[in-house]
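Me: I am new to this structure and would like a close look at one part of it. Please take the place where the two chains meet, and go through it slowly.

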Amino acid sequence: MDETVLRGIVPGVITVLVRRGADFAAAEDAVQEALAETVRERPGGEEPVRDAKGWLITVAWRKFLDATRADSARRAREERVEGQPVPGPVPAADDSLQLYFLCAHPSLTPASAVALTLRAVGGLTTRQIAEAYLVPEATMAQRISRAKRTVAGVRLDRPGEVATVLRVLYLVFNEGYSGEVDLVAEAIRLTRQLAARVDHPEVAGLLALMLLHHARRPARTAPDGSLVPLAEQDRSRWDTGAIAEGVRILQAALARDRLGEYQAQAAIAALHADAPRAEETDWPQIVEWYDELARLTDNPVVRLNRAVAVGEADGPRAGLAALAEVDESVPRHTAVAAHLHERDGDLAKAARLYAEAAHQASGLAERDHLTRRAARLNARLR
Amino acid sequence: MAKYLLLKHYRGAPASVNDVPMDRWAPEEITAHIGYMNDFADRLRETGEYVDSQALAPEGAWVQYGGEGRPPVTDGPFAETKDLIAGWMVIDVDSYDRAVELAGELSAAPGAGGEPIHEWLELRPFLTEPPTVTE
């Protein structure tokens, strides 16, 4: 059976078990076990089970009962559970939305919320999550079980804040490494699943944002792994299907007139996607969206990126003036200053700033990129 | 999440407050010190923040490419080497503040007289992968 299809039904199955009386932590464990057994015994390519969800529920429920019976200290719960009616047909309606809220609960640290979401909503194994975040499996197992203990008292029957869920999905999208599981694609899958369950313009905005950025991925890195900046990307390698879908979703969201930061960020990405060549980018409109974004969030990175856009729209001097308003401690401040001075023709200063920015860089590919910029300018200055 | 290296040097930093060489400690003080380090690692495993820890032998060789068709050149130790790395721990934490807090705890490991050593530990962030969203 297709593992992604199976994983897609995981949150629904957990929800059914919880509704039948299992607590969330035990239900989640049972579904993971059932999933592992299913993948083990029915490797891909076999004929699909007609009702995969009903089937996974049956296996998971049996796992849950086995675990409950094995634990004599939980006898009281066993009696309560066994008093439940025999499982009947599965309701078609999917009320697993509550699981998204639970796994992104504000009482969890961002890292715990990410891990729990990937396991309980995404259906990934602890090993896959550990690999994606480059930590030992035992560490990730602890992170997940602590997260489960933290939310143990939270009722599953009431909605939470959509914003907290979106923040977690954004984190998965933005900071995932590529291991066995592609976390960027996984974040899109989970956001798509969320968008199908909750009607909210910011959910649509985040999905559009992800699609529009994901569309550029084939052009973002050179074959040797080095970063290719937006202006130098081969735009013929952008995924036009993803762009079209992102733009369509964004337009529908914007039409509802409830602007939020993800929609504004997606609008900026859409304007970049809309330019056949970098020189044709509508920078004045991008600056307007950054102004909008700055009204919605106090994130200083927005003001930094706005300075870049101002530099493109009104020239490097204007960009430097906008940059002067941004706190120098904001990451990438020096890199932006270097870029604007280069465009202003002050190559010596730009080279010095690129080298300084490389020294401050928090990422390896970013550091290499900035070092190359500095080296290129220094070669021209010799 | 961000990964940090807690680097323990024998040399290269100012002397610690409780600066008595380990071989002058009472045997039970050494046991207490090692126990503290192990407990610290166990606690980080339990909080889901532990990545790795290793201790290094104090002496090693310096190795250099020897040129086309020649074996590598080994040399050292060099008298001018001021630094010596004793070992490290890698943690994966939510914030820089948490990393500082943990480094402070590790530096409180007991030494002579059961008093905290207050040794200097170097805290270095790992370089990360590029983010997906770039503007």
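Reply: What follows starts at the contact between the chains, then turns to two helices on one side of it, to the partner chain, and to one further residue. The model is predicted.

The contact between the chains draws 28 residues from chain A and 19 residues from chain B. On the side of chain A that touches chain B, four helices each supply at least two residues: α6 (110-121), α8 (137-150), α9 (162-175) and α20 (364-381). The greatest contribution to that side comes from α8(A), with six residues. Sorted by class, the side of chain A that touches chain B consists of 15 nonpolar, eight polar and five charged residues.

Two of these helices, α6(A) and α8(A), can also be viewed against each other. Their axes come within 9 Å and cross at roughly 95°. Since angles of 65 to 115 degrees count as roughly perpendicular, α6(A) is therefore roughly perpendicular to α8(A). From α6(A), the residues taking part are A:A111, A:S112, A:A115, A:L116 and A:R119. In α8(A) they meet A:M140, A:R143, A:I144, A:R146, A:A147, A:K148 and A:T150. The contact of α6(A) with α8(A) has six nonpolar, two polar and four charged residues.

Now to the partner chain. Chain B contains two helices and six strands, and along its sequence they come in the pattern β-α-β-β-β-β-α-β. The radius of gyration of chain B is 18 Å, whereas a compact globule of 135 residues would have one near 14 Å. Along the principal axes, the C-alpha atoms of chain B fill a box of roughly 55 × 55 × 25 Å. Of the 135 residues in chain B, 16% are buried. Among contacts in chain B with a separation of 6 or more, 75% are between residues 24 or more positions apart.

One residue of chain A remains to be placed. A:A348 sits in helix α19 (residues 347-360) of chain A. Around A:A348 there are 11 other C-beta atoms within 10 Å; a residue counts as exposed at 12 or fewer, so A:A348 is exposed. Between A:A348 and A:G123 there are 52 Å in space, C-alpha to C-alpha, and the two are 225 residues apart in sequence.

To return to the part you asked about: α6 and α8 of chain A are both among the helices that supply residues to the side touching chain B, and α8(A) gives the most to that side.

How values were computed:
Residues numbered from 1 in each chain as written. Chains lettered and ligands numbered in written order. Predicted model: local features only at pLDDT ≥ 70, side-chain atom pairs only at ≥ 80, totals over all residues. Contact = placed C-beta atoms within 7 Å. Nonpolar A, V, L, I, M, F, W, Y, C, P; charged D, E, K, R; others polar. Rg over C-alpha atoms; globule rule 2.2 N^0.38 Å. Buried ≥ 20, exposed ≤ 12 C-beta atoms within 10 Å, placed from the backbone. Axes fitted to C-alpha atoms, helices over the stretch in contact; angles between N-to-C directions. Parallel < 35°, antiparallel > 145°, perpendicular 65-115°, else oblique.
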